[in-house]
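Welcome! Here are some short exercises with worked solutions, to be read with the structure open beside you.

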Amino acid sequence: MVFSSNIFIFFFLPITLTGYFMLRSVKSRNLWLLFMSCFFYIFGGAVFFPIIVYTVLLNYAGGCLLACARAAGREMLGRYVFAGTVVLNLLSLGYWKYTGFLMQIVSDLTGWQFAIPEITLPIGISFFTFQGMSYVIDLYRGEVAVQRNILKLGLYIALFPQLIAGPIVRYSDIERQLDDRKHRLDDMAAGIRIFTVGLAKKAVIANSAALTADAVFEMQPWQNSPGIAWLGLIFYTIQLYFDFSGYSDMAVGLGRMFGFRFPGNFNYPFTSRSGSELWRRWHISLSSWFRDYVYIPLGGSRRGNVYLNLLCVFVLTGFWHGAAWNYVLWGLYWGIIVAAERFVSGRTGGKVRIPGIVAWAYAMLLWLVSMVIFRTGSLQGCSLYLRSMFGLLERRDAGFSLAYYISAYEIFILALGVAAMMPWGSRCRLFVKERVSEIWFALLENAVTLLLLGVSVLYVVTGTYNPFIYFQF
C-alpha cells in the first residue's frame, strides 16, 4: 500500500484517523496505531511480516539484556550483548538483501558453479533495520533509557508513516512522544498541508516525469542523441527527487497528524554549490545515521585518515541502496568527490572563491553524472550512457528525435519541477504571511491546500503509474 493510492487516501487513512481520535488515552491510541501499522505492512507484504516481528523482538531483548547487564555492573557482558544484537540485525539485513550478490562474487572469483537463490527483498527492510539498530546503539551509549514495554518499541519500529521508505527516525527523536504527545488543531492542519505537498510532489511531478525518463532509458544508449540522453537524465533526477522527497513529506505530515514530529529529510539539495553541501541536504536522515554511527566511530575528522573514513562511509551508503556494483561505484564516486573537496578546502583554508553560478553548475553536473551510475544498473550500461551524453558514442538504429519527448506538458512538468526544487515557494509563503492578516493568511493557505489536494487526488484516481522508487531499498 502506497500513500498515493486510492485505498490509502480514501480508506486506510480515514479509518485510522477516526479510530485514533475516538480513543482517549495514549496507551489505547498507541495500540491502535500499532495494529493499523501491522495491517498496513501485511496488506502489501504479509509473507515478510515475521521479519518486522523478529526485528522488534531482537532489539527489545537486546535492549533489556543490555540494561540488566549494566545494572548488575557487568559491563563486559553488556558489550557482548550490544555487539551480538547489532550483528544479528546486520545478518538479517545481509541475508535478505545481499546473499545473491555476495554468492555471485564468490562464484566469479573461485569459478565454483552453484545455484544462487532468488531472494525477494522485503519492503522497507533497510529502513526499519536501521531504526532498530539506532535504539540499541543509543541505549549502549547511554543517550536513551531502556524501553521495557515491547509494544512501544514495536510502535517505534513499525509505525506506518516511516515504516517502508523512511525517513529513518531515531528512537531519541520520539522517545518522549511515545508516552506523551500533544494533539492540537494547528498540528493537524500543518500535517495535512505537509502531506498534501508531498502527495502533489509524487502524484503530479514525479509520476509525470517518470514517463519521459523511462521512455529515454528504455532505448539503447546508441539510439539516443546527446540531447535526448541529457533530457532523460534531467527527468529522472526530477522523478527521483520528487518521488522520495514527496514520500518523506507525506510521512512527516502523517506523523504530525498523530502527534509525532519526525525530522525533515531534504533541504533543497539542488541549491547546493558543492558535492559536500548537496549530501548535507539530500536524504538527511540516512546521511546523519552514517555520520553518527559509522563516520564518527571510525574517527571522523579527528582520528585516523579522514579521507579513508569518508570513502568507507560513502561506499557503505552506496551499498545500502542496493546489492549491485553500480551502487557501490555510486558510493565510491561520491566518496572520492567529498574527500577531494575536503582535501582542497583543507589545503586552501577554505579561501577559494568560485562564482556562485559556476559552483552551482559544478554541483549539478556532479549529480547528473552520478544519476547515470545510479539508474543504468550495470557498469557497461553506465559507460555507454555517459558516452552517449557527451557525443562519444556513434549513433545507430536511431530512436525518436528530441522533439518527440518535448510536448507542452513535458515542458510544463520540467518547469514546475525545477521551480519546486528551489525555495521560491517557501519565500513566497513568507512574503504573503508578512503582508496580510493572520486570518486572511490562514484562509488563503487552506484554500491553496484544498486546491492542491484536489488536483493531486485527481492525478491519483486517473493515473496508472504509481510505484515508489525507494521501496526497492
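Before we begin, one cut-off is needed: a residue is called buried if its relative accessible area is under 20%, exposed if that area is over 50%, and partly exposed in between. Please keep in mind that this is a predicted model.

**Exercise 1. Two aromatic pairs**

Task: Find out how the rings of Phe 82 and Tyr 140 are arranged, and which helices they belong to.

Solution:
- Step 1. Start with the total: there are 56 aromatic pairs in the structure.
- Step 2. In the pair made by Phe 82 and Tyr 140, the ring centres are 4.0 Å apart and the planes make an angle of 10°. Planes under 30 degrees apart count as stacked, and this pair is stacked.
- Step 3. Now place the partners: Phe 82 belongs to helix H4 (residues 75–110) and Tyr 140 to helix H5 (residues 125–140). With their positions 58 residues apart, the pair links distant parts of the chain.
- Step 4. Apply the cut-off. Phe 82 has 18% relative accessibility, so it counts as buried. Tyr 140 has 26%, so it counts as partly exposed.

Task: Work out why the pair of Tyr 307 and Phe 343 is called edge-to-face.

Solution:
- Step 1. The two ring centres are 6.0 Å apart, and the planes stand at 65°.
- Step 2. An angle over 60 degrees counts as edge-to-face, so the pair of Tyr 307 and Phe 343 gets that name.
- Step 3. Tyr 307 is in helix H12 (residues 306–321) and Phe 343 is in helix H13 (residues 325–348), so the pair ties together parts 36 residues apart in sequence.
- Step 4. Tyr 307, at 31% relative accessible area, is partly exposed. Phe 343, at 39%, is partly exposed.

**Exercise 2. Two helices side by side**

Task: Decide whether H8 and H9 are roughly parallel or roughly antiparallel.

Solution:
- Step 1. Helix H8 spans residues 185–217 and helix H9 spans residues 226–257; their axes come within 6 Å and cross at roughly 160°.
- Step 2. Angles over 145 degrees count as roughly antiparallel, and H8 and H9 are therefore roughly antiparallel to each other.
- Step 3. The crossing of H8 with H9 is left-handed.
- Step 4. Look at what the contact of H8 with H9 is made of: 25 nonpolar, eight polar and seven charged residues.

**Exercise 3. Charges over rings**

Task: Find which ring lies under Arg 375, and which under the charged end of Arg 396.

Solution:
- Step 1. Arg 375 is placed over the face of Phe 217, 4.5 Å from the ring centre.
- Step 2. The charged end of Arg 396 sits over the ring of Trp 222, at 4.5 Å from its centre.

**Exercise 4. Positive phi angles**

Task: Find where Tyr 268 and His 283 lie, and whether each is buried or partly exposed.

Solution:
- Step 1. Recall the background: most residues other than glycine have a negative phi.
- Step 2. Tyr 268 is not a glycine, yet its phi is positive, at about 50°. Tyr 268 is in the loop between H9 and helix H10 (275–281), and its relative accessible area of 25% makes it partly exposed.
- Step 3. His 283 also has a positive phi, near 45°. His 283 sits in the loop between H10 and helix H11 (284–298), and with a relative accessible area of 0% it is buried.

**Exercise 5. Along the chain and through space**

Task: How many Å separate the C-alpha atoms of Ile 357 and Arg 273?

Solution:
- Step 1. Ile 357 is part of helix H14 (residues 356–376), and its 58% relative accessibility makes it exposed.
- Step 2. Ile 357 and Arg 273 are 84 residues apart along the chain, and 8.2 Å separates their C-alpha atoms.
- Step 3. Try another pair: Phe 101, in helix H4, is buried at 13% relative accessible area. Its C-alpha atom is 43 Å from that of Arg 181, with their positions 80 residues apart in the chain.
- Step 4. Finish with Gln 113, an exposed residue at 73% relative accessibility in the loop between H4 and H5. Gln 113 and Leu 453 are 340 residues apart in sequence, and 54 Å apart from C-alpha to C-alpha.

Note on methods
Residues are numbered from 1 along each chain as its sequence is written. This is a predicted model: local features need pLDDT of at least 70, side-chain atom pairs count only at pLDDT 80 or more; totals for chains, interfaces and linings use all residues. Side-chain values use heavy atoms; hydrogens and water are left out. Axes are lines fitted to C-alpha atoms, for helices over the stretch in contact, and angles run from 0 to 180 degrees between N-to-C directions. Helices (H or I, at least four residues) and strands (E, at least two) are DSSP runs, numbered from the N terminus. Angles under 35 degrees count as roughly parallel, over 145 as roughly antiparallel, 65 to 115 as roughly perpendicular and the rest as oblique. A crossing is left-handed if the near helix is turned anticlockwise from the far one by less than a right angle, and right-handed if clockwise. Ala, Val, Leu, Ile, Met, Phe, Trp, Tyr, Cys and Pro count as nonpolar, Asp, Glu, Lys and Arg as charged, and the others, Gly among them, as polar. Rings of Phe, Tyr and Trp (its six-membered ring) pair if their centres lie within 6.5 Å; planes under 30 degrees apart count as stacked, over 60 as edge-to-face and the rest as tilted. Buried means under 20% relative accessible area, exposed over 50%, partly exposed in between (1.4 Å probe, protein chains only). A charge sits over a ring if NZ of Lys or CZ of Arg is within 6 Å of the ring centre and within 35 degrees of the ring normal.
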